[in-house]
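Please open the model in your viewer and keep the selection panel at hand. The stops below are meant to be followed in order.

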Amino acid sequence: MSLKNRQSIITAKSLTRIYAVGDSEVVGINNVDLEIAAGEIVVIKGNSGSGKSTLLSLLAGLDCPTQGELTVADHDLNQCSEAQLTRFRREVIGMVFQSFNLLPTLNVLENASLPALLAGKSLAESQNHAIDLLDWLGLKARLTHLPAQLSGGEMQRTAIARALVNDPAIILADEPTGNLDSRNGQIVINLLVKLNRKWGRTVMIATHSNLADSLATVKIYLKDGMITKHT
Ligand SMILES: Nc1ncnc2c1ncn2[C@@H]1O[C@H](COP(=O)(O)OP(=O)(O)O)[C@@H](O)[C@H]1O
Ligand SMILES: [Mg+2]
C-alpha cells in the first residue's frame, strides 16, 4: 500500500537538533523532513555520529528539537506539556536500546511489567500481559531470573517485552543488536519484524548492521545529521 492510502504516524518538517557544547555547536540532526506511514518497518542507517540516536530520541519525546515540527501519533511534540510527554513516552512509544537497560535488581517478569504498573494498571493485569508477551518471546521459563542470569539475547527479548507491555503504536530500537552475536541479533530483528506483522506496529530500527536490510519496508540513510537517501 502506498503512503497516500495510509495514515502517516510520523511527520517531521525541518527537524533540527543542535547541541550546545561549551561555546560551540554540534549538529545532532539538521533539517530533516520525514513522513512515515503507520505499519512500516523503517531501518535507519548511517555511520557512528550521523544522528541516528538523536533522531530516535526526538521521536520518542526524550529530547526536544531546537527547530522544526514534529508530530508523532497525532501528538505535536513541540506543544506537549511535560505531563503529556511522560504519558506519550509511556503509552505511545516502546523503546529498545543497545545496552538493554534492564533494572538489575528486578527479575524478568518485574522488568517487563513495570511500565504497565507505572501507567496505572493493576499488578495482576500488568503481570498477566507481561507473561503473555514473555511467553511469545520464548522466556516463560525465565520469569523469576535476574538480568545477570540471562544471556544477551534473553536480556534483549526481556527488553522487547517491556517495550511492548503498554501496547505502543511505535517501537523505536536504537542499535538493538549492537551487543549481540549475529545469531541472537537476527533473532531480535526477526522478532521486531514479527510484531510488526502480527500487531501492525510501526517499527524503527537504527543500526549499522545489515541484519535488517532485507526486511525493511523503508530505509533512511543519515550522514552528518541529514538524510542522504530515502528508499
Ligand atoms: N548530548 C549530546 N551533547 C553533545 N553532542 C551530542 C550529544 N548527543 C549526540 N551528540 C553529537 O551529535 C552527533 C550525532 O550523534 P548521535 O545521534 O548519537 O549519532 P549516532 O547515533 O548515529 O551514532 C554526534 O556528533 C554526537 O557527538
Ligand atoms: Mg547512536
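**First stop: the four-stranded sheet**

Select Thr71 and look across to β5, where Asp76 stands opposite. Helices and strands here are DSSP runs, numbered from the N terminus (H or I with at least four residues for helices, E with at least two for strands). This is a predicted model, in which local features need pLDDT of at least 70 and side-chain atom pairs count only at pLDDT 80 or more, while totals for chains, interfaces and linings use all residues. Residues are numbered from 1 along each chain as its sequence is written, and chains are lettered from A and ligands numbered from 1 in the order in which they are written.

Now display β4 (residues 67–72) together with β5; the two run antiparallel and are joined by two bridges. Two strands pair if DSSP finds at least two bridges between them. Extend the selection to the open sheet of four strands, whose order is β2-β1-β4-β5 with antiparallel pairing. Its edge strands are β2 and β5 (75–76), each of which pairs on one side only.

Move next to β1 and β2, antiparallel strands joined by ten bridges. They form a hairpin with two residues between them, and Gly22 in the turn has a positive phi of about 60 degrees. Within this pairing, Tyr19 stands opposite Val26 in β2.

**Second stop: ligand 1**

Which residues should be selected around ligand 1? They are Tyr19, Val21, Val26, Gly28, Gly46, Ser48, Gly49, Ser50, Gly51, Lys52, Ser53 and Thr54. A residue is near a molecule or strand if its C-beta atom, placed from the backbone, lies within 6 Å of it. The elements that give two or more residues to this shell are β1 (8–21), β2 (24–37) and α1 (52–59). Of the elements, α1 gives the most, with three residues. Colouring by class shows three nonpolar, eight polar and one charged residues in the shell. In this scheme Ala, Val, Leu, Ile, Met, Phe, Trp, Tyr, Cys and Pro count as nonpolar, Asp, Glu, Lys and Arg as charged, and the others, Gly among them, as polar.

**Third stop: the six-stranded sheet**

Select the six strands of the open sheet with the order β6-β7-β8-β3-β9-β10, where the pairing is mixed. The edges are β6 (93–97) and β10 (226–230), each pairing on one side only. Inside the sheet, β3 (residues 41–45) and β8 (residues 202–206) pair in the parallel sense over four bridges. Pick Val43 to find its bridge partner in β8, Ile205.

**Fourth stop: helix α3 and its partners**

Select α3 (residues 108–118) and α4 (residues 123–136), which pack at an angle of about 125 degrees with their axes 8 Å apart. Axes are lines fitted to C-alpha atoms, for helices over the stretch in contact, and angles run from 0 to 180 degrees between N-to-C directions. The angle therefore makes α3 oblique to α4. Angles under 35 degrees count as roughly parallel, over 145 as roughly antiparallel, 65 to 115 as roughly perpendicular and the rest as oblique. By class, the contact of α3 with α4 has ten nonpolar, four polar and no charged residues.

Finally, add α5 (residues 152–164): the axes of α3 and α5 come within 6 Å and cross at roughly 30 degrees. These two helices are therefore roughly parallel to each other. The residues of the contact of α3 with α5 divide into five nonpolar, two polar and one charged.
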